[in-house]
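Trainee: I would like to learn how to read a model like this one, feature by feature. Could you walk me through it?

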Amino acid sequence: MLSDAQIKEFAERGHIVVPQVVPGDLLDEAAQRIDEVAAADPPAEDERGPHFYFLETKDEPALIAPLTGGPAFGLAEDLAGRGTLDVPWQVQVALNIPPYSHRPGGPHIDAAHAEPADGPIRGTFTLLAGILMTDQLTENAGNLWVWPGTHLTHAAYFREHGPRMFCAYPPIDLPEPEQITGRAGDLLLAHYLLGHNIGGNYESDQTRRALYFRLSTTDHASHRSEFLQDAWLDYEPIRSHPATA
Ligand SMILES: O=C(O)CCC(=O)C(=O)O
Ligand SMILES: [Fe+2]
């Protein structure tokens with residue numbers, strides 16, 4: 001179970017890293033499967049930086065197991081509420097290949113379009129669950145970058161300017177970014193509205209590997225516009241404990 005302090009940290013900062021969540025055998029089997037996926041369709045010889053595989057979880061028992069075969073999914077439900085989250089249909093295998101000398105200029109949220117677009121709001125979700133598959137003990141080693149607190153700033157922006165302004169790069173004031181560190185088997189939980197981005201990998205010689213799952217509550221799709229303006233709509237345990245939010 002997440003502690004009250006962890007829930008409070010998630011509420012304030014928009015993300016937490018929970019150490020050593022994934023059982024060792026499930027981690028080993030997932031690592032082997034990533035080896036196979038990458039061997040079957042390898043990045044080009046000279047490719048550097050991000051390289052992703054998006055796979056269906058129904059075909060990938062070894063890749064969904066780190067989420068659902070141990071405590072990880074339950075920890076995500078400590079934030080969203082017991083029994084509220086759907087098992088995701090997709091898993092992202094995220095490599096970051098060195099040497100990649102890159103520092104992101106700003107964050108994105110996971111929206112398909114860079115500018116506000118007409119039509120219904122699509123593609124939002126409740127939270128990102130990331131499983132670190134390699135150690136990320138130092139910075140600039142392929143780490144994910146996050147801009148703490150921007151889940152709340154983004155929601156305030158959409159309240160003020162309207163959810164029709166939904167896009168990957170809302171023009172908000174930004175805090176200093178941080179790089180996520182941790183070990184293989186750690187679990188990252190990040191609010192959908194937390195600004196984040198792909199980092200560089202120029203201070204390590206190891207390919208960064210992570211699994212990302214985009215999780216939604218069962219009723220998320222029925223209230224996407226409201227969720228963009230009310231960060232805790234999908235988070236009953238945080239809603240009902242104002243001290244944590
Ligand atoms: O590779 C990463 O760590 C981040 C990837 C990401 O933000 C995305 O695919 O939307
Ligand atoms: Fe992203």
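Mentor: Happy to, and let us start with the ligand. Keep in mind that this is a predicted model. The residues of the shell around ligand 1 divide into five nonpolar, two polar and one charged.

Trainee: Which residues surround ligand 1?

Mentor: Around ligand 1 you will find Pro-50, Ala-94, Asn-96, Asp-110, Leu-144, His-196, Ile-198 and Ala-210. Two elements, strand 3 (90-97) and strand 8 (196-198), give two or more residues each to that shell.

Trainee: Let me step back to the whole chain. How many helices and strands are there in the protein chain?

Mentor: The protein chain has seven helices and nine strands. Its radius of gyration is 17 Å, close to the 18 Å from the globule rule for 245 residues, so the chain is as compact as a globular protein of that length. Along the principal axes, the C-alpha atoms fill a box of roughly 45 × 35 × 35 Å.

Trainee: What share of the residues is buried?

Mentor: Buried residues account for 40% of the 245 in the protein chain. Contacts add to that picture: taking those between residues at least 6 apart in sequence, 88% join residues at least 24 apart.

Trainee: Where can I look at a case of burial in one helix?

Mentor: Try helix 1 (residues 4-13), whose buried residues are Ile-7, Phe-10, Ala-11 and Arg-13. Their cover includes strand 1, helix 4 (72-80), strand 7 (187-191) and helix 7 (236-239). Just after helix 1 comes Gly-14, with a positive phi of about 90°.

Trainee: And how do I describe two helices that pack together?

Mentor: In general, you give the angle between the two axes and the distance between them. Here, helix 2 (residues 24-40) and helix 3 (residues 61-68) pack at about 145°, and their axes are 8 Å apart. The crossing of helix 2 and helix 3 is left-handed.

Trainee: Which residues meet where helix 2 packs on helix 3?

Mentor: Helix 2 brings Leu-26, Leu-27, Glu-29, Ala-30 and Arg-33, while helix 3 brings Ala-62, Leu-63, Ala-65 and Pro-66. Sorted by class, this contact has seven nonpolar residues, no polar ones and two charged.

Trainee: What should I check in the backbone?

Mentor: As a rule, most residues other than glycine have a negative phi, and most peptide bonds are trans. Gln-20 is not a glycine, yet its phi is positive, about 50°. Gln-20 sits in the loop between strand 1 (15-18) and helix 2. Asn-140 also has a positive phi, near 60°, and lies in the loop between strand 4 and strand 5 (144-146).

Trainee: Are Gln-20 and Asn-140 buried, exposed or partly exposed, and why?

Mentor: Gln-20 is partly exposed because 13 other C-beta atoms lie within 10 Å. Asn-140 is partly exposed because its count within 10 Å is 17.

Trainee: Which peptide bond is cis?

Mentor: The bond from Pro-98 to Pro-99 is cis, with omega near -10°. Pro-99 belongs to the loop between strand 3 and strand 4 (127-132).

Trainee: What does Ile-121 touch, leaving aside residues up to four places away in sequence?

Mentor: Ile-121 touches Pro-163, Phe-166, Arg-224 and Ser-225. Ile-121 lies in the loop between strand 3 and strand 4. For a distance across the sequence, take Ile-121 and Leu-228: they are 107 residues apart along the chain, and their C-alpha atoms are separated by 9.7 Å.

Methods: Residues numbered from 1 in each chain as written. Chains lettered and ligands numbered in written order. Predicted model: local features only at pLDDT ≥ 70, side-chain atom pairs only at ≥ 80, totals over all residues. Near = placed C-beta within 6 Å. Helix = DSSP H or I, 4+ residues; strand = E, 2+ residues; numbered from the N terminus. Nonpolar A, V, L, I, M, F, W, Y, C, P; charged D, E, K, R; others polar. Axes fitted to C-alpha atoms, helices over the stretch in contact; angles between N-to-C directions. Left-handed = near helix turned anticlockwise from the far one by under 90°. Contact = placed C-beta atoms within 7 Å. Rg over C-alpha atoms; globule rule 2.2 N^0.38 Å. Buried ≥ 20, exposed ≤ 12 C-beta atoms within 10 Å, placed from the backbone.
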